[in-house]
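Morning, everyone. I have one structure to walk through today. Take a look at the screen first.

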Amino acid sequence: MSKSPEEEHPRKAFGWAARDASGILSPFNFSRRANGDEDVTLKILYCGVCHSDLHNIKNEWGNSIFPMVPGHEIVGIVTEVGKKVTKFKVGDKAGVGCLVGSCRACPNCNQDGEIYCSEMILSYNAIYHDGTPTYGGYSDMIVVDEHFVIRFPENLPLESSAPLLCAGITVYSPMKYFGLSKPGMHLGVAGLGGLGHMAVKFAKAFGLKVTVISTSPSKEEEAVERLGADSFLVSRDPKQMEAAKGTLDGIIDTVSAVHPLLPLIDLLKSHGKLVMVGAPDKPLELPVFPLLLGRKIVAGSASGGMKETQEMIDFAAKHNVTADVEVIPMDYIHTAMERLAKADVRYRFVIDIGNSLKAPDNGNANLNQIMQG
Ligand SMILES: NC(=O)c1ccc[n+]([C@@H]2O[C@H](COP(=O)([O-])OP(=O)(O)OC[C@H]3O[C@@H](n4cnc5c(N)ncnc54)[C@H](OP(=O)(O)O)[C@@H]3O)[C@@H](O)[C@H]2O)c1
Ligand SMILES: [Zn+2]
Ligand SMILES: [Zn+2]
């Protein structure tokens, strides 16, 4: 018989878990593996709330494993390193994103595309090499192979840079890969949520012209004045959409729900690229004629590999790109999820794990000593 989550590993851990698809999270005692030679242990301080967490706790993609501790925008302080670890020392700031493992040998892994490895292991809702479930960042600590841990430059504030680890890399990677990061290009960003607002910020840092395409007219002023977008289209206003036809080199589509693609395809110039990063739970309708006639491309992209994630963090630190966050205590999570479902967040909830996750004593009491020393 398999062991309970509390007993399968030697180190006590505590978090909040979903037990079924009701969307309810509650306190959860579980365990983490001992720190291996190549492992880094992190005391988690902040964790971003991604819309994927919401899709997953409600089993909207049909592949949820319960109990589930969500969270893949994890930042904290290194409290232990294995003897073969080279990139980290105790006391360093570090982060963990969507991935905690892959085969490390296939063509994707060899080309820094671990996220496209057929054996990649997600930070939660997956099974690790040892056969036990992975649990994410709505928890007090995590043990991860250093290959999947990201270094955080000193000047990046942890709470507002946690979302870079999923929202940031998920929009940065396709802009680079699909040639949509060249200064002067005109990029559309569909959906102004966690991913969308990061796309605006990275695009502006790359020197692009940016048009936000949104269902929320109330976001216009902020999009332009605070986030730096050049223009704003209300996607449900046919007049505005008509006037902007054929103006964009590419679009990063971050929309989390089923939505029509034709109006977006029509915004593209000939040879333009519509890159899907949002992950609606049902298939979208793809009209083919406008693609043929404009030789347009519809593509997809999943967060990013480890090398590119580090490159993105270093770029963000250099250009002061961080998320606009609403820091919340752990017990606000249900309200946060309700608001996220209604696109009512400016623009990422980040859980203050360090101060609000009330855990039983689990051996992390020496953190203060480490941080002061
Ligand atoms: N590819 C990947 O690897 C990857 C990584 C992370 C997340 N994701 C997926 O990306 C999506 C977005 O994640 P997120 O965390 O950025 O979510 P989010 O903060 O909720 O943002 C999604 C935005 O989509 C727009 N939207 C929502 N419902 C809509 C509807 N019915 N019609 C049109 N627009 C709608 C809203 O923007 P407006 O108010 O501006 O319309 C909303 O703010 C999710 O599906 C998530 O699972 C994928
Ligand atoms: Zn995510
Ligand atoms: Zn691989």
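**Sheet, ligand shell and a buried helix**

Start with β10, residues 186-190, and β11, residues 209-214: these two strands pair in the parallel sense, over 5 bridges. Keep in mind that this is a predicted model. For a register mark, find G188 and look across: T211 in β11 stands opposite.

Now the whole sheet. It is open and has 6 strands, with parallel pairing. The order reads β12-β11-β10-β13-β14-β15. At the edges sit β12 (231-234) and β15 (297-300), each pairing on one side only. From one strand to the next, the twist averages 20°.

Next, the ligand. Which residues are closest to ligand 1? They are H51, G191, G193, S214 and S256, out of 31 residues that surround ligand 1. Three elements give two or more residues to that shell: α1 (51-57), α4 (167-177) and α5 (194-206). By character, the shell divides into 17 polar residues, 13 nonpolar and 1 charged.

Let's stay with α4. Why is α4 described as largely enclosed by the rest of the structure? Because 9 of its 11 residues are buried. The buried stretch of α4 takes in A167, G168, I169, T170, V171, Y172, S173, P174 and M175. What covers them? The cover on the buried residues of α4 includes β3 (39-49), α5, β13 (248-253), β14 (268-276), α10 (306-319) and β17 (348-352). So α5 appears in that cover, and α5 also gives residues to the shell around ligand 1.

One last backbone detail. Just after α4, G179 takes a positive phi of about 65°.

How values were computed
Residues numbered from 1 in each chain as written. Chains lettered and ligands numbered in written order. Predicted model: local features only at pLDDT ≥ 70, side-chain atom pairs only at ≥ 80, totals over all residues. Near = placed C-beta within 6 Å. Helix = DSSP H or I, 4+ residues; strand = E, 2+ residues; numbered from the N terminus. Nonpolar A, V, L, I, M, F, W, Y, C, P; charged D, E, K, R; others polar. Pairing = 2+ DSSP bridges. Axes fitted to C-alpha atoms, helices over the stretch in contact; angles between N-to-C directions. Buried ≥ 20, exposed ≤ 12 C-beta atoms within 10 Å, placed from the backbone. Contact = placed C-beta atoms within 7 Å.
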